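Hello,

Here is the structure I promised to pass on. Please open it first, then read my notes below.

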Amino acid sequence: MDVYKIKGGNRLQGKVRVSGAKNSAVALIPAAILADSPVTIAGLPEISDVMTLQKLVEEIGGNVEIEEGKITIDPSEIVSMPLPNGNVKKLRASSYMMGALLGKFKHAVIGLPGGCHLGPRPIDQHIKGFEALGAKVTNEHGAIYLRADELRGAKIYLDVVSVGATINIMLAAVMAKGKTVIENAAKEPEIIDVATLLSNMGANIKGAGTNVIRIEGVEKLHGTKHTIIPDRIETGTYMIMAAAIGDGITIDNVIPLHVEAVTAKLREMGVKVEVGEEQIYIPKTEKFEAVDVKTLVYPGFPTDLQQPFCVLSTQAEGSSILTDTIYPARFKQIDELRRMNADGRVEGRSAIITGPTAMQAATVRATDLRAGAALIIAGLIASGETEIQGIEHIERGYSQIIPKLKMLGADINKVEGLKTASISE
Ligand code: EPU
């Protein structure tokens, strides 16, 4: 088993550079297959989700090259091959292959996507959108079959504000006949990033980043070059880490607007956040006030940072209530943090954490990506040596995390092939 070992207590200092956004990258790569000539995407994060998507695109005939943080996808030989099993099951974002292949070929077979276990993650809104565009959608033995004679633009009202459904419907609609309107669309920056790539490929999209997106179908899309936006969740993770154990950390390659909700919460806790044009500086914080957090769709506080924020709450004076309205069961980190001495419990869709607590090292398991980020921060502030298992989840989404943390002065190492007792559930 591969694990991370962290000797906690080192105060961190210096500069960390944020990579391109994971949740953009995993949508931009499927978007690129809609083109008829090569698409180059720069600012690519080095994460296993990107590698998995690369394999998926190659499985269907795409030619993919990755070099110096750039991916070039030549989709000219792609065929609509069924992808019922294998790599599709490894990540949530393989669902974007549904929209992309449906849009390009009018039919697709994609295994139901995997991804982090955060409680139920339905795709009914994606399917509602595909059906509105004229596709027949069936679920046969765990794979989704999509077939259409032609795709026609439609008006689609999303019952739930969904990042995935908004992007997937955009992918399917950009080459549909006529006009598509997505109402109650999600407004996350990653949606604007995907719309920007598609527009540069020749698509006609208006309103991305607002709750109404209008798409006029075009006949074909061509290759282009694009740079991925910085990862706002990685930014927020380093902001929380800087507050928890930093002696002055600059976070570089940031779009401050994208993390305003996090900045506001940190300030409410007593953390000084100095915001520049593309950098955020967080000096040492001596004392934290407990705050309540409620996760919401963008521009609200992101669910993806609720788990790391729980760790900071263990250092605050008093009780904090963290409520996740997006994924009410996204609290698997709490049991692990309790092993490290945290005073926390889950009640309904909230975690209640009381501090300040001197965290202690333990052997813990990352159950999902952001729980993993939370455990890294916990390991950095704890006394003693923490072992984190389940690191494959962390490597799905955090680019170069070990070198980045070492540069800040953390004592963290990856130990490969360790014979270690796995933790009982
Ligand atoms: N939902 C439905 N039906 C649907 C789709 C979603 O009920 O058809 C519900 C979900 O169950 C959830 C809510 O709507 O309660 C929002 O889900 P959304 O579709 O927005 O999430 P997603 O697209 O599956 C993306 C990110 C997640 C992030 C969420 C929320 C990617 C690949 N994943 O997931 O990121 O938590 O948006 O912001 O973009 C992560 O990076 O760790 C991660 C899990």
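Start with the open sheet of four strands, whose order is 4-5-3-13 and whose pairing is mixed. Its edge strands are strand 4 (63–67) and strand 13 (225–227), and each of these pairs on one side only. On average, neighbouring strands here are turned by 15 degrees against each other, direction ignored. Keep in mind that this is a predicted model.

Within that sheet, strand 4 pairs with strand 5 (residues 70–74) in the antiparallel sense. Five bridges join the two. One position to click on is Asn63, which stands opposite Asp74 in strand 5.

Next, strand 14 (residues 246–252). Is it enclosed or open? Six of its seven residues are buried, so strand 14 is largely enclosed by the rest of the structure. As a reminder, strands of a sheet pair through backbone hydrogen bonds, either parallel or antiparallel. Strand 14 does both. With strand 2 (residues 12–17) it runs parallel, over five bridges. There, Val16 has Ile251 of strand 14 as its bridge partner. With strand 16 (residues 279–282) the sense is antiparallel, and the bridges number four. Thr250 has its bridge partner in strand 16, namely Tyr281.

Now the ligand. Which residues come nearest to it? There are 24 residues around the ligand, and Gln125, Ser162, Asp304, Ile326 and Arg370 come nearest. Three polar contacts involve oxygen atoms of the ligand:

- Lys22: a polar side-chain atom lies 3.0 Å from a ligand oxygen atom.
- Arg92: an N or O atom in the side chain is 3.0 Å from an oxygen atom of the ligand.
- Val163: here a backbone N or O atom lies 2.7 Å from a ligand oxygen atom.

Taken alone, the ligand exposes 830 Å², and the protein buries 90% of that.

One last residue: Lys265, in helix 8 (residues 260–269). Why do I call this lysine buried? Its relative accessible area is 16%, and buried means under 20%, so Lys265 qualifies. Leaving out residues up to four places away in sequence, Lys265 touches Val291, Asp292, Val293, Phe301 and Phe309.

If you want a viewing order, take the four-strand sheet, then strand 14 with its partners strand 2 and strand 16. After that, go to the ligand and its surrounding residues. Finish at Lys265 in helix 8.

Best wishes

Key
Residues are numbered from 1 along each chain as its sequence is written. This is a predicted model: local features need pLDDT of at least 70, side-chain atom pairs count only at pLDDT 80 or more; totals for chains, interfaces and linings use all residues. Side-chain values use heavy atoms; hydrogens and water are left out. Two strands pair if DSSP finds at least two bridges between them. Axes are lines fitted to C-alpha atoms, for helices over the stretch in contact, and angles run from 0 to 180 degrees between N-to-C directions. Buried means under 20% relative accessible area, exposed over 50%, partly exposed in between (1.4 Å probe, protein chains only). Contact means heavy atoms within 4.5 Å. A residue is near a molecule or strand if one of its heavy atoms lies within 4 Å of it. A polar contact is a pair of N or O atoms within 3.5 Å; within protein, one must be able to donate a hydrogen and the other to accept it, and residues adjacent in sequence count only if both atoms are side-chain atoms. Accessible areas come from the Shrake-Rupley method with a 1.4 Å probe; for residues, only the protein chains shown count as cover.
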